[in-house]
Each structure stands twice: as C-alpha cells, then as structure tokens.
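Welcome, and please open your viewer. We will take a short tour, one selection after another.

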Amino acid sequence: MVMAAQVLISVYCLVLLISVSSSSSSTNNPPATSTNEMKVLQSSNYSSMAARIKEIEKLNEYAVQDPEEVVAMVEMSMRNSTQRRKLGYFSCGTGNPIDDCWRCDPNWRRNRKKLADCGIGFGRNAIGGRDGRYYVVTDPRDDDPVNPRPGTLRHAVIQEAPLWIVFKRDMVIQLKQELIMNSFKTIDARGVNVHIANGACLTIQFVTNIIIHGLHIHDCKPTGNALVRSSPSHYGWRTMADGDAISIFGSSHIWVDHNSLSNCADGLVDAVMGSTAITISNNYFTHHNEVILLGHSDTYFRDKLMQVTIAYNHFGEGLIQRMPRCRHGYFHVVNNDYTHWEMYAIGGSANPTINSQGNRYLAPVNPFAKEVTKRVDTDGSQWHGWNWRSEGDLLLNGAYFIPSGAGAAASYARASSLGAKSSTLVGTITAGAGVLNCRKGGRC
C-alpha cells in the first residue's frame with residue numbers, strides 16, 4: 001500500500017507537467033509552484049509529443065501493479081458488510097455494491113465525497129477531486145475555450161488543484177471545443193439535470209484520477225482546428241476531434257459512473273493509447289452505433305497493459321455494436337444487462353483477454369445476429385487461442401457466446417476485478433443505470 005501511494009504521488013507530480021495539446025502550443029506565464037514542483041520542472045524536459053506519450057505509458061504501466069491482490073481485496077470488501085452496518089443504511093441494499101455504498105444516505109448531498117470511496121473494479125482507486133474543495137458551476141456558457149469565465153465547467157476542469165465540481169442548477173452546456181480535463185477532478189451532477197450536448201464533449205488526456213458521474217452526454221460533434229486551454233498556464237492548438245462522448249487517451253485511474261450516453265458522432269466511451277485502471281459502471285447506453293472502444297489499434301502494443309472493468313451497465317435500445325470492442329489488454333465484463341444489439345455485443349481483435357461473468361444477454365429477433373461475440377477481421381486459426389470465456393451468463397432468445405482459448409489462470413486473473421453476482425440479479429442490479437433522480441433531503 002505504501003508503494004501504491006508513492007506511485008500515485010509520482011503520477012500526480014509528473015502528470016501536472018504534461019501538455020494535453022496535440023500539436024504546437026502557446027503558453028502563458030506559469031503560476032507559482034512549490035519547491036518540489038520546481039525540482040520536477042527542472043528535471044523534466046518534454047521536447048515532443050512522442051516523449052510525453054512515452055512518459056505517460058511508463059506511468060500507466062504501474063497503475064494496477066498486482067491484479068490478483070486487487071481481486072482479493074475487492075472480494076473481501078464485498079463479503080465484509082461490517083462497515084455498511086456502521087453506516088446504518090444496510091436495509092436499503094440493492095445488491096449493487098457501488099450504489100449500496102452511498103445511495104441509502106438521505107444526506108448524500110452533504111456527504112457527496114463519500115462516492116470516491118465506493119469505486120469497484122480496475123478503476124476503484126480513482127479518487128477524483130476528493131481531497132480538494134468544492135467548485136460550483138453557475139454558468140452554462142462556453143464562449144471562449146482559451147479564456148474560460150470563472151463559474152463555467154471549462155474553468156473548473158482546467159484548474160491544477162483537486163476539485164469536486166457540482167452544479168448550482170439544471171443546465172444544458174454546449175461546448176465549442178473539447179472539454180480538456182486536468183488531473184484529480186470529479187464532475188458530480190447529482191441533484192440537478194445537466195446535459196452536455198450538441199457540441200464538443202469530454203477529453204481525458206494524459207491525466208489521472210478522474211470521476212465522471214451523473215451527466216447526460218449526447219449528440220456530440222467533431223470539433224477542433226482551434227486553440228483550447230488545458231490548464232491555467234497552458235493552451236494549445238487542437239486538431240480535429242472525432243466527436244466521442246468521453247475520450248480517454250493515455251490516462252489512468254478513471255471512473256465513469258451513472259451517466260446516460262447516446263447518439264454521438266463517433267464513440268460513447270473510447271479508451272486508447274495506454275490508458276488503464278478504468279471502471280465504466282452503472283451507465284445507460286442508447287441509440288448509437290459504435291458504443292465502447294478499448295484499444296487504439298492492433299499494432300499499438302502498449303495497450304497490452306490496459307485493464308478495464310465494465311460493470312452494472314444497461315446497454316439499451318438503438319445500439320448496434322462494440323459493447324465493448326477490445327484490443328490487446330484485459331477486460332472484465334460483469335453483471336451488465338444487454339437488451340439490444342443489431343450486429344454483436346462484445347468484439348475484439350489483437351488477442352484481448354475477455355472475462356464475461358454474470359451478464360444477461362437478450363439476443364435480437366434477427367436470426368443472423370444472435371451471437372454475442374465477434375472476432376473482428378481475424379481468421380479462426382488465429383483467434384482460437386484467445387482467452388474469451390463466458391461464466392454464469394444468462395443467454396436469452398437464442399443468444400450464444402463462442403468461447404476460445406485454453407483458459408489460462410494467469411490470464412483470467414489479470415481480467416478479474418470484482419466478484420460477479422448471479423445473472424438472475426442483473427435486472428435489480430442495473431435498475432438504476434444511467435443518471436439518477438437525486439433530490440435534496442431524500443435518497444437517490
């Protein structure tokens with residue numbers, strides 16, 4: 001645990017130095033820095049984007065150092081209900097360990113930061129802005145991506161210090177350019193109705209410790225070829241973005257929870273370029289083609305380090321494929337409800353390890369689309385050795401999962417992040433997927 005803390009501190013110090021600009025940049029006078037930060041600045045010289053990518057990949061390599069230990073710790077915490085009994089809310093438990101950790105508290109609004117202690121899976125150590133102050137977004141405008149107004153969401157997410165970001169009222173935020181986030185931030189929209197829509201959306205690039213909770217994100221558009229600020233001391237030129245709802249690039253310790261995502265130009269959640277230690281949980285995905293992409297390309301081997309948990313989500317109406325589509329890496333798909341797909345649910349290439357446990361797969365009416373799995377552009381002679389397994393899944397309406405591989409214990413240990421519950425409980429566990437209706441003075 002001491003080693004893990006040292007690694008986290010090192011990541012935080014280094015990641016503050018990394019520019020999120022994708023090409024040439026402009027820089028303002030930097031803010032005052034501490035002695036320790038000055039030492040880091042003096043010893044670091046990022047001369048190119050390639051050097052930055054190499055450095056963040058080195059950091060992400062140790063994001064989950066011992067996955068077997070993580071699995072043991074998570075399963076132990078789930079078996080041990082002593083702490084929940086101390087909270088006095090245990091009687092309202094739903095079987096969803098994230099929600100049971102905080103949703104039963106009628107004073108959730110005053111105890112918002114409790115959420116940071118409720119993570120599960122490979123992204124369970126993402127603390128977001130837990131150790132910082134609250135920042136209240138009061139202004140939905142995004143007039144100037146280089147010089148954002150105080151009180152706007154963009155002004156909040158670029159700050160250097162940890163922040164827990166909340167919203168004063170309901171609002172629709174139409175972003176002119178990508179919302180480029182700095183490290184140690186939580187966006188928490190509980191208690192209000194916040195839409196990020198009809199413009200650019202979220203970019204989590206070369207940072208660590210991010211929590212995204214309670215947002216409606218939809219109708220995201222390609223943007224770019226513009227200057228965008230990424231910190232109080234830096235802005236840079238951004239090339240064209242694809243129009244993802246949430247783009248995770250070279251980042252670690254990321255938790256995307258209880259959001260409603262739909263109808264964007266590219267993906268709903270994309271994680272690429274060595275990103276790892278990610279949990280995607282309790283989300284409601286609808287009306288979209290390519291839903292989740294995990295892995296940059298078949299030839300980008302740094303994604304072999306990727307570990308992602310996909311848990312308690314509802315994949316709903318109007319979805320076509322990629323729930324997720326995986327490359328390289330290790331992926332735990334657990335206790336999700338798949339009620340709609342048109343092509344396939346889970347796909348992959350480049351030998352990913354996929355551990356499907358306790359999910360409910362309801363196949364479409366189309367007799368040619370009942371297979372849950374798809375090996376993308378790969379001959380059977382190659383994929384027969386990939387480790388893909390279905391364990392305790394509920395396969396309905398003719399759904400079938402084609403497993404492969406020898407089932408190597410070490411491989412599945414790296415693709416295991418929490419204890420799966422029975423697939424018969426999936427309906428209850430995922431009943432609250434998506435944005436919650438939280439109101440002051442009552443349980444969410």
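Which strand holds Asn289? Select residues 288-290: this is strand S19, and Asn289 is found there. Strands here are DSSP runs of E with at least two residues, numbered from the N terminus. Before going on, note that this is a predicted model, where local features need pLDDT of at least 70, side-chain atom pairs count only at pLDDT 80 or more, and totals for chains, interfaces and linings use all residues. Residues are numbered from 1 along each chain as its sequence is written, and side-chain values use heavy atoms, with hydrogens and water left out.

Stay with Asn289. Its relative accessibility is 34%, so Asn289 counts as partly exposed (buried is under 20% relative accessible area, exposed over 50%, partly exposed in between, with a 1.4 Å probe and protein chains only). Now show Ile320 and Gln321: Asn289 touches both, leaving aside residues up to four places away in sequence (contact means heavy atoms within 4.5 Å). The side chains of Asn289 and Gln321 also share a polar contact of 2.9 Å, meaning a pair of N or O atoms within 3.5 Å, one able to donate a hydrogen and the other to accept it.

Next, select strand S27, residues 346-349. Ile346 and Gly348 point one way, Gly347 and Ser349 the other, and all are buried. Add strand S24 (residues 325-327), which pairs with S27 in the parallel sense over three bridges; pairing takes at least two DSSP bridges. Cys326 has Gly348 of S27 as its bridge partner.

Finally, add strand S30 (residues 373-375), parallel to S27 and joined to S27 by three bridges. Here Gly347 has Lys374 in S30 as its bridge partner.

Definitions and conventions
Helices (H or I, at least four residues) and strands (E, at least two) are DSSP runs, numbered from the N terminus.
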